[in-house]
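Student: Can you walk me through the contacts in this one? I'd like to start with charge pairs.

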Amino acid sequence: MLSPERIVEAACALVDAEGLAAVSTRRLAAELGVSGPSLYNHFRTKDEILEAVADAVSAQVDLSMFESGRDWRTALHDYAVAYRAVLTAHPQVIPLLAQGPGRRPAGLRIADVVFGAMVRAGWPAAQATHIGALMRYFITGSALGSFAGGFVDDEAAYDPADYPHLGQAHLLAERQQKIDEGAFETGLKALLDGLSLQYEQLVSPTGGGLREDVRR
């Protein structure tokens with residue numbers, strides 16, 4: 001029986017395999033073994049289907065770390081790792097997710113949970129908004145492509161006369177996952193270290209909460 005869930009599942013599989021451009025109502029109908037017009041009983045347009053796909057992917061992001069008593073820094077770290085794992089499993093959907101949550105329920109829930117957790121931790125609302133945006137920029141960017149995978153495994157491509165420091169670059173591709181994950185963790189630590197310094201500056205020396213000048 002045709003349902004919105006079946007349509008979204010088929011569309012997601014098609015996007016994962018062939019990209020956003022591969023999705024059409026005709027193609028989806030063929031994949032599902034139904035007539036094209038039957039899809040319109042559940043979605044008015046192809047764009048609505050793609051929005052539903054993006055939201056289904058967003059719904060896979062684990063947010064439990066914000067409700068488990070973890071401190072804000074640990075929660076942000078675990079959230080970033082969980083979000084990136086979802087994006088690397090569905091890289092073709094990233095262009096849609098990068099546009100922001102729009103009206104997507106799961107996307108809005110991510111924004112709400114992250115913002116709420118930062119405010120509860122003591123961040124002023126403006127900085128909490130900036131942190132939510134910063135995390136999305138960093139996580140999305142890290143999942144868009146592979147740094148290591150961008151180098152060919154041909155040693156001859158890196159003539160030492162032209163590239164004296166790339167003598168081992170041909171080995172990067174075979175170590176892609178380790179290098180990319182290491183780069184992500186390095187960047188994430190640097191990001192969180194910087195936020196921790198900012199957080200310390202926002203807290204009064206006497207431990208009485210936010211300084212008066214940042215409460216407004």
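Student: What do the side chains of E48 and R44 meet in?

Tutor: A salt bridge, with N to O at 2.6 Å for another pair, E18 and R27, and at 2.7 Å for E48 and R44. Keep in mind that this is a predicted model.

Student: Is R44 buried or exposed?

Tutor: R44 is exposed, because its relative accessible area is 66% and the cut-off for exposed is over 50%. Its partner E48 has a relative accessible area of 25%, so E48 is partly exposed.

Student: How many salt bridges does the structure hold?

Tutor: Eight. One of them is between E51 and R104, where the closest N and O atoms are 3.0 Å apart.

Student: Which parts does the E51 and R104 pair tie together?

Tutor: E51 lies in helix α3, residues 46-58, while R104 is in the loop between α5 (94-97) and α6 (105-120), so the bridge ties together parts that are 53 residues apart in sequence.

Student: And R104, buried or exposed?

Tutor: R104 is buried, with a relative accessible area of 5%. E51 is partly exposed at 30%.

Student: Which residues do salt bridges that share partners join into one network?

Tutor: E18, R27 and E31. Within that network, E18 is partly exposed with a relative accessible area of 45%, and R27 is also partly exposed, at 28%.

Student: OK, unpaired charge then. Which residues gather in a patch of negative charge on the surface?

Tutor: D153, D154, E155 and E174.

Student: Where is E155 found?

Tutor: E155 sits in the loop between α7 (125-144) and α8 (176-202). Its relative accessibility is 52%, so E155 counts as exposed.

Student: What about K178, where does that lie?

Tutor: K178 lies in helix α8. K178 is exposed, with a relative accessible area of 71%.

Student: How far apart are K178 and A148 in space?

Tutor: The C-alpha to C-alpha distance between K178 and A148 is 9.1 Å, with their positions 30 residues apart in sequence.

Student: Switching to rings. How many aromatic pairs does the count come to?

Tutor: The count comes to eight aromatic pairs. One of them is F147 with F151, which is edge-to-face: the centres are 5.2 Å apart and there is 65° between the planes.

Student: Why does that pair count as edge-to-face?

Tutor: Because the angle between the planes of F147 and F151 is 65°, and the cut-off for edge-to-face is over 60 degrees.

Student: Is F147 buried or exposed?

Tutor: F147 is exposed, with a relative accessible area of 56%. F151 is partly exposed, at 21%.

Student: Which residues do ring pairs link into a cluster?

Tutor: F66, Y79 and Y83.

Student: Last topic, the proline. What is the place of P124?

Tutor: P124 is in the loop between α6 and α7. At 11% relative accessibility, P124 counts as buried, because the cut-off for buried is under 20%.

Student: What separates the C-alpha atoms of P124 and R175?

Tutor: A distance of 41 Å, for two residues that are 51 residues apart along the chain.

Note on methods
Residues are numbered from 1 along each chain as its sequence is written. This is a predicted model: local features need pLDDT of at least 70, side-chain atom pairs count only at pLDDT 80 or more; totals for chains, interfaces and linings use all residues. Side-chain values use heavy atoms; hydrogens and water are left out. Patches are made of residues with over 30% relative accessible area and no salt bridge: like charges are joined within 9 Å, nonpolar side chains (Val, Leu, Ile, Met, Phe, Trp, Tyr) within 5 Å. Accessible areas come from the Shrake-Rupley method with a 1.4 Å probe; for residues, only the protein chains shown count as cover. A salt bridge is a side-chain nitrogen of Lys or Arg within 4 Å of a carboxyl oxygen of Asp or Glu. Lys and Arg count as positive and Asp and Glu as negative; His and the chain ends are not counted. The place of a charge is taken as NZ of Lys, CZ of Arg, CG of Asp or CD of Glu. Helices (H or I, at least four residues) and strands (E, at least two) are DSSP runs, numbered from the N terminus. Buried means under 20% relative accessible area, exposed over 50%, partly exposed in between (1.4 Å probe, protein chains only). Rings of Phe, Tyr and Trp (its six-membered ring) pair if their centres lie within 6.5 Å; planes under 30 degrees apart count as stacked, over 60 as edge-to-face and the rest as tilted.
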